[in-house]
Amino acid sequence: MTTLTYLGHSAFLLEDDGKSVVIDPFLTGNPNASHQPEQLNPQTILLTHAHNDHVGDTVDIAKRAGAKVIATFELGTWLGEQGIEDAVAANHGGTVAFDGGTVKLTQAWHTSSYEDGSGVVAPGVPAGLVVRFGGKTIYFAGDTCLFSDMRLIGEEELDVAVLPIGDHFTMGPDDAVRAVEFLNPKTVIPCHYNTFPEIKQDRNDFKRKVEERTSARCEALEPGARLEL
Ligand code: NI
Ligand code: MN
């Protein structure tokens, strides 16, 4: 049985048959985080981009758990320089295998930079992730605006599309509904909302719009909720 757990903001945990994958593990400093980093022991961490609210606790979790980390080129290279032994620097269009699945990096329209106390230390470009794991295909859009090439991603026959709905930094709920029309997934999961004042949204209103305007089912998960895929 393959499960997806919403960890809050854009962080997710996929589990199947003893394998686990964490996406964008921003937990420390995340007011809506459902888990502590110490609770996660993934074999794999996938990152959409370098912003601090996505890289989050990656370095600590990866070093402790010995996880492989897959990211776009500049971010993956920087993570290797931080002492992560199995940091993979990939790029758009590329598919990378990990323990139990694969990830293809897709386009995303956004920016990408990691800042520590001294300024920007890890630049690069943002990505979306088409993850094949446990017999399911799950698209994590990352932070992005709406773009019409989501139609191409929809040709991947998505079981699940995970979409940002917060507005301000990413697309908002109305463009996310248009994205659902392009992507044609069976299930939609909203993320990247209610973490900060600028991205406050009503998840139930989004669910109602998705289910009125498209044939997809919307699972508007509370942080900590686990869904069987
Ligand atoms: Ni971002
Ligand atoms: Mn973000």
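In this predicted model, T44 has its place in strand β4. The residue is buried, because its relative accessible area is 0%, below the 20% under which a residue counts as buried. Leaving out residues up to four places away in sequence, T44 touches S20, V21 and V22, together with A67, K68 and I70, and also F98 and D99.

Strand β4, which spans 44–46, is also a good place from which to approach helix α2, since the strand is among the elements that cover the buried residues of this helix. Helix α2 runs over residues 58–65, and its buried residues are T58, V59, I61 and A62. Besides β4, the cover over these residues includes α1 (52–55), β5 (68–72) and α3 (73–81). Just after α2 comes G66, which takes a positive phi of about 65°.

Attention can now turn to the metal ions, starting with the nickel ion (ligand 1). Three histidines and one aspartate coordinate this ion at 2.2 Å: H49 through NE2, H51 through ND1, H110 through NE2 and D143 through OD. Along the chain, these donors follow the spacing H-x1-H-x58-H-x32-D. Of the residues named here, H49 and H51 are both buried. The geometry around the nickel ion (ligand 1) counts as irregular because its four donor atoms subtend angles of 90 to 174°. For a reader wishing to compare, the ideal angle for four tetrahedral donors is 109.5 degrees.

The manganese ion (ligand 2) has its own set of protein donors, namely D53 (OD), H54 (NE2), D143 (OD) and H192 (NE2), which lie 2.2 to 2.3 Å from the ion. Their spacing along the chain reads D-H-x88-D-x48-H. D53 counts as buried because its relative accessibility is 16%, and H54 is buried too, with a relative accessible area of 0%. The link between the two sites is D143, which bridges the nickel ion (ligand 1) and the manganese ion (ligand 2). The two ions lie 3.1 Å apart.

Another aspartate, D159, is found in the loop between α4 (150–154) and β13 (160–164). With a relative accessible area of 14%, D159 is buried. Once neighbours within four places in sequence are set aside, the residues in contact with D159 are G135, K136 and T137, along with P185, K186 and T187. D159 and D174 stand 15 residues apart along the chain, and their C-alpha atoms are separated by 21 Å.

D174 leads on to a pair of helices, as this residue belongs to the part of α5 that makes the contact with α6. In general, two packed helices are described by the angle between their axes and the distance between the axes. For helix α5 (residues 173–183) and helix α6 (residues 203–213), the axes come within 10 Å and cross at roughly 35°. The crossing in which α5 passes α6 is right-handed. On the side of α5, the contact is made by P173, D174, A176, V177, V180 and E181, and on the side of α6 by F206, K209, V210 and R213. Sorted by character, the residues of this contact comprise six nonpolar and four charged ones, with no polar residue.

Notes
Residues numbered from 1 in each chain as written. Chains lettered and ligands numbered in written order. Predicted model: local features only at pLDDT ≥ 70, side-chain atom pairs only at ≥ 80, totals over all residues. Heavy atoms only, no water. Donors = N, O, S within 2.8 Å, 3.2 Å for Na, K, Ca; no water. Tetrahedral: all angles 85-135°; square planar, octahedral: opposite > 155°, others 65-115°. Buried < 20%, exposed > 50% of the residue type's maximum accessible area, 1.4 Å probe, protein only. Axes fitted to C-alpha atoms, helices over the stretch in contact; angles between N-to-C directions. Helix = DSSP H or I, 4+ residues; strand = E, 2+ residues; numbered from the N terminus. Left-handed = near helix turned anticlockwise from the far one by under 90°. Contact = heavy atoms within 4.5 Å. Nonpolar A, V, L, I, M, F, W, Y, C, P; charged D, E, K, R; others polar.
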